[in-house]
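Here are some exercises to work through with the model open beside you. Try each task first, then follow the solution step by step.

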Amino acid sequence: VVKYGLVAVMGATSYYTYTIYRELHPGQQNSQSSTFENGSPKKTLIILGTGWGAVSLLQSMDTTLYNVTVVSPRNYFLFTPFLTSTPVGAIDINSIMEPIRHILRSAKGEVKFLEASATDIDPENKTIKVVNSSGDERVLSYDYLVMSVGAKTTTFNIPGVRENAFFIKEAHDSIRIREKIMKNIEHACFLDPSDPKRKQLLSFVVVGGGPTGVEMAAELQDFVNESLTKWMPDIAKDITVHLVEGLPHILNMFDKNIITYSEEFILKSKINLILNTFVKGVDADNVHIEQNKVSKQFPYGILIWATGNQPRDISVTLSKKLGEHQSERRGLQINEKLQVLGAEDSIFAIGDCTYHAGLAPTAQVAHQEGTYLSGLLAKLNEIDQLSWKIAQVGTSEKRAIKLKEKMREMVINLPDFVYDYKGSLAYIGAERAVADLKIAGKDYQLRESPFAFFFWKMVYLSMCVSFRNCLVVSMDWFKTYFFGRGNV
Ligand code: FAD
Ligand code: NAI
């Protein structure tokens, strides 16, 4: 046992030392070129986005097979599962941001990056228009385009939401919420305890009882129960965290038992859970709700909106250009090979920008789609190579006939994407998490057990895109556990 134990420890140590070394010293990369060594032309691949789908594709693909350019307004990857922990200081926002250059420099072949947004796509001529934050424009040509632009938070056009609410989608959302929390708390301290404005400032409202809303409300209540109670007890006792959900239950994608347990747990943690209540409007001071067909309103100091996704403008633009092939308002329609309907020969789409029955907008799906697409692109390159060889040999040659047969077989045997659902996890506060798992085809649930929280942490740590990411998040947890959150 000691011998095997030592071998395992040495193996793990060498692996992690090598991983850290590779992250810090990325080594040589093959430069981009118009042709391969045999003279065949190399195709251009443009990837839009630096989120879960794009990074999974980039980390698993052989970037020497294409001239790859990544375009995104964000020059970093954001680890969204921990985003709701950041406005309250449980995890530092920088810890969940991984510079895209770190990821791209670790690839075998050179990958170019442009910090810009795609604003238009011409699928006929295979070009895209990109614009950077200074307003400079460029038109880029592609052979293959991968749409992995994610989605934006929907407001269902409810009046006042875009003007008054915060979203929790991007790093800057977290920073703004954090500033607002501290501003409201200090403002409340300044006021006389009898001032009604104080109650309003300390009313924190989260709308949407999906996993984003639940995790956000849970983190806010943890902040109140664990940090503010210690350092600012007079403020802590006056803060109310409200979680408003239109449907009869929260976390609707989970099993019934998990839903019941989570709702009871959330109520015990003192979150004011308001079910069966749709928000119908928002003004600068009040949330307008409808409960049992009766309209009411209540004041808020901070409003965080998390009612799901809607497509980004660039996805809508592409969808319109593809006309009758795209009829779904929820996202780009794709086939089993993740090709965009109406532009199957050249455009792929992965992650939250797509709509496909059975595929939820989750990191898990985007990650698996990215990995699948890397394999598909490698196979498409093999087919291109065969096609080039056939052109060299001449169509009447015996060898060309054999190559053609091989190529036909390869095209027929191109694999379809098959989603392997592994389960869902959500943090519900006070060091508790819930999990609906699928292991070897069987369903398992974790709820009351404190192990679920440990499991939640381990699963997401294992999904970090770099060792640095994983290490700094662990250090933040350690820091928060012993010294409290950074905010107060
Ligand atoms: P994203 O990761 O959103 O990336 C989109 C990229 O496209 C970004 O880099 C963006 O800057 C870029 N982009 C935007 N517009 C343009 C443009 N015009 N041109 C070029 N680039 C553009 N899922 C889970 O499975 N588990 C979780 O625990 C979990 N927690 C979450 C917590 C929060 C708070 C949120 C908001 C989401 C969470 N999700 C979770 C969902 C998960 O984050 C998404 O499903 C995932 O990010 C989708 O990946 P994506 O690559 O499609 O999009
Ligand atoms: P969601 O679509 O899952 O939930 C939104 C909720 O808002 C719904 O329950 C809806 O009934 C409610 N709602 C809509 N309009 C409302 C209104 N006007 N008033 C009150 N309630 C209203 O959206 P969410 O949570 O943003 O998640 C988006 C995607 O990201 C999902 O696919 C989710 O699975 C994924 N995600 C996964 C996480 C995890 O696995 N832990 C964490 C966060 C997100």
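Before starting, two terms: two strands pair if DSSP finds at least two bridges between them. Helices (H or I, at least four residues) and strands (E, at least two) are DSSP runs, numbered from the N terminus. This is a predicted model, in which local features need pLDDT of at least 70 and side-chain atom pairs count only at pLDDT 80 or more, while totals for chains, interfaces and linings use all residues. Residues are numbered from 1 along each chain as its sequence is written, and chains are lettered from A and ligands numbered from 1 in the order in which they are written.

**Exercise 1. Find the scores that describe confidence in the model.**

Solution. Begin with pLDDT, the predictor's confidence in each residue, from 0 to 100. The chain average is 95, and 100% of the residues score at least 70. Then add the scores of the model: ipTM is 0.98 and pTM is 0.96.

**Exercise 2. Work out the order and pairing of the sheet that contains S15 and S16.**

Solution. Step one: the order is S15-S16-S17, an open sheet of three strands with antiparallel pairing. Step two: S15 and strand S17 (294–299) are the edge strands, each pairing on one side only. Step three: from one strand to the next, the twist averages 30 degrees (axes are lines fitted to C-alpha atoms, for helices over the stretch in contact, and angles run from 0 to 180 degrees between N-to-C directions). Step four: look at the hairpin of S15 and S16, which has three residues between the strands. Five bridges join S15 to strand S16 (residues 286–291). Phe278 has Glu290 in S16 as its bridge partner, and Val279 stands opposite Ile289 in S16.

**Exercise 3. Do the same for the sheet that contains S23 and S24.**

Solution. Trace the order first: S23-S24-S25, again open, with three strands and antiparallel pairing. S23 and strand S25 (442–446) each have a single partner strand, so one side of each is left without a neighbour in the sheet. The twist here averages 5 degrees from one strand to the next. Finally, count the bridges between S23 and strand S24 (residues 432–439): there are six. One of the pairs is Gly423 with Leu437 in S24.

**Exercise 4. Describe the shell around ligand 1.**

Solution. A residue is near a molecule or strand if its C-beta atom, placed from the backbone, lies within 6 Å of it. With that rule, 33 residues surround ligand 1, and the closest are Gly49, Gly51, Thr80, Gly150 and Gly351. Next, sort the shell by class: 15 residues are nonpolar, 14 polar and four charged. Here Ala, Val, Leu, Ile, Met, Phe, Trp, Tyr, Cys and Pro count as nonpolar, Asp, Glu, Lys and Arg as charged, and the others, Gly among them, as polar. Last, name the elements: helix H2 (52–60), strand S2 (67–72), strand S6 (117–122) and helix H11 (363–393) each supply at least two residues.

**Exercise 5. Explain why ligand 2 lies between two domains.**

Solution. Start with the 28 residues around ligand 2, where Gly208, Gly210, Pro211, Thr212 and Gly308 come nearest. Helix H7 (211–231), strand S15 (277–282) and strand S23 (423–429) each give two or more residues to the shell, and H7 gives the most, with four. Now bring in the domains, whose bounds come from an automatic or database domain assignment. Domain 1 (24–73 + 116–153 + 310–412) and domain 2 (161–307 + 422–483) both give residues to this shell, so ligand 2 lies between them.
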